[in-house]
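I opened this notebook to record what I looked up in one model. The entries go from the overall fold to single residues.

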Amino acid sequence: MQIAICDECKEEATAIEESLKNYSHTKSLSFCISQFTNGRDLIYEIEDGRHFDIVFIQDNPDTGLNTAEIIRSLNYSGEIIFTADTNE
């Protein structure tokens, strides 16, 4: 399963990745996880044909929803999960 994590905070992205790795280990699943620190780089990857089954996007009012709208306009049909900072 291909998973993208898009979060400008590296620590938050790493925390999500670690949780996913722990889950995959307990369920004997295989995840390939890619991290992006901005929506632009994620969009470029999808435009270049990269497929993700699940995309985690930081719920940032300025960029998170915009990134989701753009990748949907690129015919991305996978799951989008919005995340919040743990400090909020």
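The entries below follow the order in which I consulted the model.

Entry 1, fold. I worked from a predicted model. I counted three helices and four strands in the chain. Reading from the N terminus, I noted the order β-α-β-α-β-α-β.

Entry 2, dimensions. I looked up the radius of gyration and found 13 Å; a compact globule of 88 residues would have a value near 12 Å, so the chain agrees with that expectation. Along the principal axes, the C-alpha atoms fill a box of roughly 35 × 30 × 15 Å.

Entry 3, burial and contacts. I found that 38% of the 88 residues are buried. I then took the contacts between residues at least 6 apart in sequence; 64% of these join residues at least 24 apart.

Entry 4, surface and charge. The chain exposes about 5500 Å², and I noted that carbon and sulfur atoms supply 47% of this area. I listed 6 positive and 17 negative side chains, with the centres of the two sets 8 Å apart.

Entry 5, backbone angles. I searched for positive phi values because most residues other than glycine have a negative phi. Ser28 has a phi near 55 degrees and is placed in the loop between helix H1 (10–27) and strand S2 (32–36). Its relative accessibility is 67%, so I recorded Ser28 as exposed. Asn75 has a phi near 70 degrees, again a positive value, and lies in the loop between helix H3 (64–73) and strand S4 (79–83). I recorded Asn75 as exposed because its relative accessibility is 69%, the cut-off being over 50%.

Definitions and conventions
Residues numbered from 1 in each chain as written. Predicted model: local features only at pLDDT ≥ 70, side-chain atom pairs only at ≥ 80, totals over all residues. Heavy atoms only, no water. Helix = DSSP H or I, 4+ residues; strand = E, 2+ residues; numbered from the N terminus. Rg over C-alpha atoms; globule rule 2.2 N^0.38 Å. Buried < 20%, exposed > 50% of the residue type's maximum accessible area, 1.4 Å probe, protein only. Contact = heavy atoms within 4.5 Å. Areas by Shrake-Rupley, 256 points an atom, 1.4 Å probe, with all protein chains shown as cover. Lys, Arg positive; Asp, Glu negative; His and termini not counted. Charge placed at Lys NZ, Arg CZ, Asp CG, Glu CD.
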